[in-house]
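Look at the model below before reading on. The report after it goes from the whole chain to single side chains.

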Amino acid sequence: MTQTDALQKALLRFGAAVDGLERFLGELFEDRDQAVKLKEQLRALTDERNRLAAERDRLAAELDHERGRARRLEDANSEVSGRLEDVMGTLREMAPAKGAEH
């Protein structure tokens, strides 16, 4: 084997090593870019989760408020209904009997 042949083989091995290194670095940069994208997606999803949790908390507080209001309205309705029954009973007692009209 001549010195030129040995140099050619060394250059081929070197070229193959450089190609391998380029592939590796390309994959590394792709992985890094993908990791950055995944981190951005995770950040966006976390923000959305936090927004939805805040909305859920607001809606739960609003629901509690409306339930309290509904209870108060039911209580008021019950009280008014009882008062109306009392008034109707009093009016019946005050009204002349049907047979006693003339």
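The text below covers overall form, surface, charges and a few residues in turn.

**Overall form**

This is a predicted model. The protein has 1 helix and 0 strands. Its radius of gyration is 43 Å, well over the 13 Å that the globule rule gives for 102 residues, so the protein is more spread out than a compact globule. The box filled by the C-alpha atoms, taken along the principal axes, gives a similar account: roughly 145 × 20 × 10 Å. The helix, H1, covers residues 3–94.

A pair of residues in the chain gives a sense of distance. Arginine 49 and arginine 23 are separated by 26 residues in sequence, and their C-alpha atoms lie 38 Å apart in space. Arginine 49 has its place in helix H1. With a relative accessible area of 53%, arginine 49 is exposed, because a residue counts as exposed when this value is over 50%.

**Surface**

How much of the protein is made up of buried residues? Of the 102 residues, buried ones make up 1%. The protein has an accessible surface of about 9,600 Å², and carbon and sulfur atoms account for 58% of that surface.

One part of the surface is a nonpolar patch formed by Leu21, Phe24, Leu25, Leu28 and Phe29. Together these residues have about 470 Å² of accessible area. Phenylalanine 29, one of the patch residues, is found in helix H1. The relative accessibility of phenylalanine 29 is 42%, so this residue counts as partly exposed.

**Charges and salt bridges**

There are 18 positive and 22 negative side chains in the protein. The centres of these two sets lie 3 Å apart. Side chains of opposite charge can pair when their charged atoms come close. The structure holds 7 salt bridges, and the table lists some of them, with the N to O distance for each.

| Positive residue | Negative residue | N to O distance |
|---|---|---|
| Arginine 32 | Aspartate 33 | 3.4 Å |
| Arginine 58 | Glutamate 62 | 2.9 Å |
| Arginine 83 | Glutamate 79 | 2.6 Å |

Take the pair of arginine 32 and aspartate 33, whose side chains meet in a salt bridge. Arginine 32 is partly exposed at 48% relative accessible area, and aspartate 33 is also partly exposed, at 36%.

Where do arginine 58 and glutamate 62 lie? Both are in helix H1, 4 residues apart, which is about one turn of the helix. Arginine 58 counts as partly exposed, with a relative accessibility of 42%. Glutamate 62 is partly exposed too, with a relative accessible area of 40%. This pair belongs to a network of salt bridges that links Glu55, Arg58 and Glu62.

How far apart in helix H1 are arginine 83 and glutamate 79? They are 4 residues apart, so about one helical turn separates them. Is arginine 83 exposed or buried? Arginine 83 is exposed, having a relative accessible area of 54%. Its partner in the salt bridge, glutamate 79, has a relative accessibility of 44% and counts as partly exposed.

**In short**

The protein is a spread-out chain with 1 helix, and buried residues make up 1% of it. Its surface includes a nonpolar patch, and the structure holds 7 salt bridges.

Technical notes. Residues numbered from 1 in each chain as written. Predicted model: local features only at pLDDT ≥ 70, side-chain atom pairs only at ≥ 80, totals over all residues. Heavy atoms only, no water. Helix = DSSP H or I, 4+ residues; strand = E, 2+ residues; numbered from the N terminus. Rg over C-alpha atoms; globule rule 2.2 N^0.38 Å. Buried < 20%, exposed > 50% of the residue type's maximum accessible area, 1.4 Å probe, protein only. Areas by Shrake-Rupley, 256 points an atom, 1.4 Å probe, with all protein chains shown as cover. Lys, Arg positive; Asp, Glu negative; His and termini not counted. Charge placed at Lys NZ, Arg CZ, Asp CG, Glu CD. Patch = residues over 30% accessible without salt bridge, like charges linked within 9 Å, V, L, I, M, F, W, Y side chains within 5 Å. Salt bridge = Lys/Arg side-chain N within 4 Å of Asp/Glu carboxyl O.
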